[in-house]
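Subject: Structure handover

Hello,

Here is the structure for you to look at. My notes on what turned up follow below it.

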Amino acid sequence: GPRDEGSGSCATAMGRGRRLLRRSLPPCVCVLISIMLWASSSGRGTNGVGTYDQALSSAVGGIVDPFSRAPAVTGGSGRGQRDFVDGKPLVAVYFTGQARSLNRTKCSIDRNLFQPLIALGFQPVVFALGEMDANAGLYQEVLGEKALPAGVTLGGLEVISRPQVAFPRNEPVAGAVSIPHSCFEALRKKPMRWYHSGGGSEKDSKNTLYGAEVLSQLYYRAKVDEMRVEWEKVQGKKFEWVVNARPDNIYVNALPDLTSLPADGTVYVPSWGHGFDPKSSSKVKRRAGLNDRFAFGGADAMSSYHDLYNRLCSETNSIADARMPPKMNFEQMMWWYLTREDVARTVSRVRSIPGEFWFLRLRHGPTSTWPLEHPGHLPPLVKDWPEDKRWEVWSAAARQTWSCDGERAAEQGECWLRLSAESRAGLTWWRWAVSKFWKSAANRASPGGALDNLFRRRCGLLEA
């Protein structure tokens, strides 16, 4: 009867379902296996740097060391000029711009910059040119003559108001530094591309407005180098090395052994964070760049490195001319500048800092503010890094920060890391698969993720 017909229809439907499952299951399994293989191979390597080395090589036509084409430094001894103070060779360490979080980065600066230099028998000498703002007092508090660690001396410290563009309709401010309007206009008309994405090119766009800040940053760099040169004239001694350090960097690794590296004509930069993407569909985003947030090298080469402001804003011979490529970001501008033939007379090599040398930025704020480039941050510190490496480096940077914040902050931070690790360890297979396509799911246990405030409350970082 009707019941038998219904049972037959049900059996037929179930048979079709089984056949459909048998047909669809193998492709689904293949897709899942592909995802797993892709995930395990992303960023393969000990530190993920190989991706950037290959990218840099690709961007300049397959040359592993593009600066090898530059002419050799003339008149150099190969060892750099070495003068001594109390039997120790001199290393200048620069800090410029806004002090920001200097009171919380100072421990990593001492531990990973100053102390390695002292241990190797160098004499670190600090030169700082800060920007006058609400946090400017941190320069004197942290880098003043009486505040510096034993073994570190102060060469010069100044704090000035931010240089302003000399717009024709604006009255000049007495005592303030003016950036030539022609220099600002040259960058605006290119236009430049200071932001990772977007920013616009109109007169009141973010890119245009930020151009003035970029020039002020370059001004600080040029003037702090002049402070060091003036010190040399007065003291009658020459620095062998110069280190350009940002005051808001948390340094994870110790500065490499400078005694094992050549100084003449060489600038050393991070091997990551070069601000370009060789796989981008955009030509301007494929143009090579260099990480500008930290560098060290021979004194003469570093003088050229710091001279970009003077070269851009020269009234008689500016390099911001028709041959300057448009739509560059800061990193690409540094690459373009350092590969110029006239600059190559003093900068004959730009090398990656050997070994692992990581640092993360730390914004100004209370102790609840943690290093910026956490595992869920976009853009990532290093593209295609394995998750374990992202957490390893960020956790190390966070611990450097907490070491300055005190024992209580360190305990709370370790509590947060433990809860985050437990959450990630308990990740189910389906959530793991979804996280490969849905970033908010992947980053739920990262700072700013869905579980961040829950962890903070449990660890006493937020009120319940």
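Setting aside neighbours within four places in sequence, Gln400 contacts Cys107, Ser108, Arg111, Asn112, Ile250, Tyr251 and Val252. Please keep in mind that this is a predicted model. Gln400 itself belongs to helix H11, which covers residues 387-405. With a relative accessible area of 11%, Gln400 is under the 20% limit and therefore counts as buried.

Next, the aromatic residues. The search of the whole structure gave 29 aromatic pairs. One of them is Phe294 with Phe296: the ring centres are 6.4 Å apart and the planes stand at 70°, so this pair is edge-to-face. An angle over 60 degrees is what puts a pair in that class. Phe294 is buried, at 0% relative accessibility, and Phe296 is likewise buried, with a relative accessible area of 0%.

Trp391 and Trp394 make another edge-to-face pair, with 6.0 Å from centre to centre and 90° between the planes. Both tryptophans sit in helix H11, three residues apart, or about one turn of the helix. Trp391 and Trp394 are both buried.

Trp391 also has a charged partner: Arg424 lies over its face, 3.6 Å from the ring centre. A second arrangement of this kind involves Arg456, which lies over the face of Trp370 at 4.1 Å from the ring centre.

There is also an aromatic cluster, made up of Trp241, Tyr251, Tyr268, Trp272, Phe294, Phe296, Phe357, Trp358, Phe359 and Trp385. Phe294 and Phe296, the pair described above, are thus listed here as well. Tyr251, another member of the cluster, is among the contacts of Gln400.

Last, the nonpolar cores. Which residues of the largest core touch the most other members? They are Phe95, Phe294 and Phe296, in a core of 57 residues. Helix H11 supplies the largest share of this core, with six residues. A second core, separate from this one, has 53 residues, including Ala92, Val125, Met302 and Leu338.

For Phe95, leaving out residues up to four places away in sequence, the residues touched are Ile109, Phe114, Val126, Phe127, Ala128, Leu129, Tyr139, Leu143, Val224, Ala245, Arg246 and Pro247.

If you open one region, I would suggest helix H11: it holds Gln400 and the pair Trp391 and Trp394, and it gives six residues to the largest nonpolar core.

Regards

Key. Residues are numbered from 1 along each chain as its sequence is written. This is a predicted model: local features need pLDDT of at least 70, side-chain atom pairs count only at pLDDT 80 or more; totals for chains, interfaces and linings use all residues. Side-chain values use heavy atoms; hydrogens and water are left out. Helices (H or I, at least four residues) and strands (E, at least two) are DSSP runs, numbered from the N terminus. Buried means under 20% relative accessible area, exposed over 50%, partly exposed in between (1.4 Å probe, protein chains only). Contact means heavy atoms within 4.5 Å. Rings of Phe, Tyr and Trp (its six-membered ring) pair if their centres lie within 6.5 Å; planes under 30 degrees apart count as stacked, over 60 as edge-to-face and the rest as tilted. A charge sits over a ring if NZ of Lys or CZ of Arg is within 6 Å of the ring centre and within 35 degrees of the ring normal. A nonpolar core is a set of buried Ala, Val, Leu, Ile, Met, Phe, Trp, Tyr and Cys residues joined through side-chain atoms within 4.5 Å.
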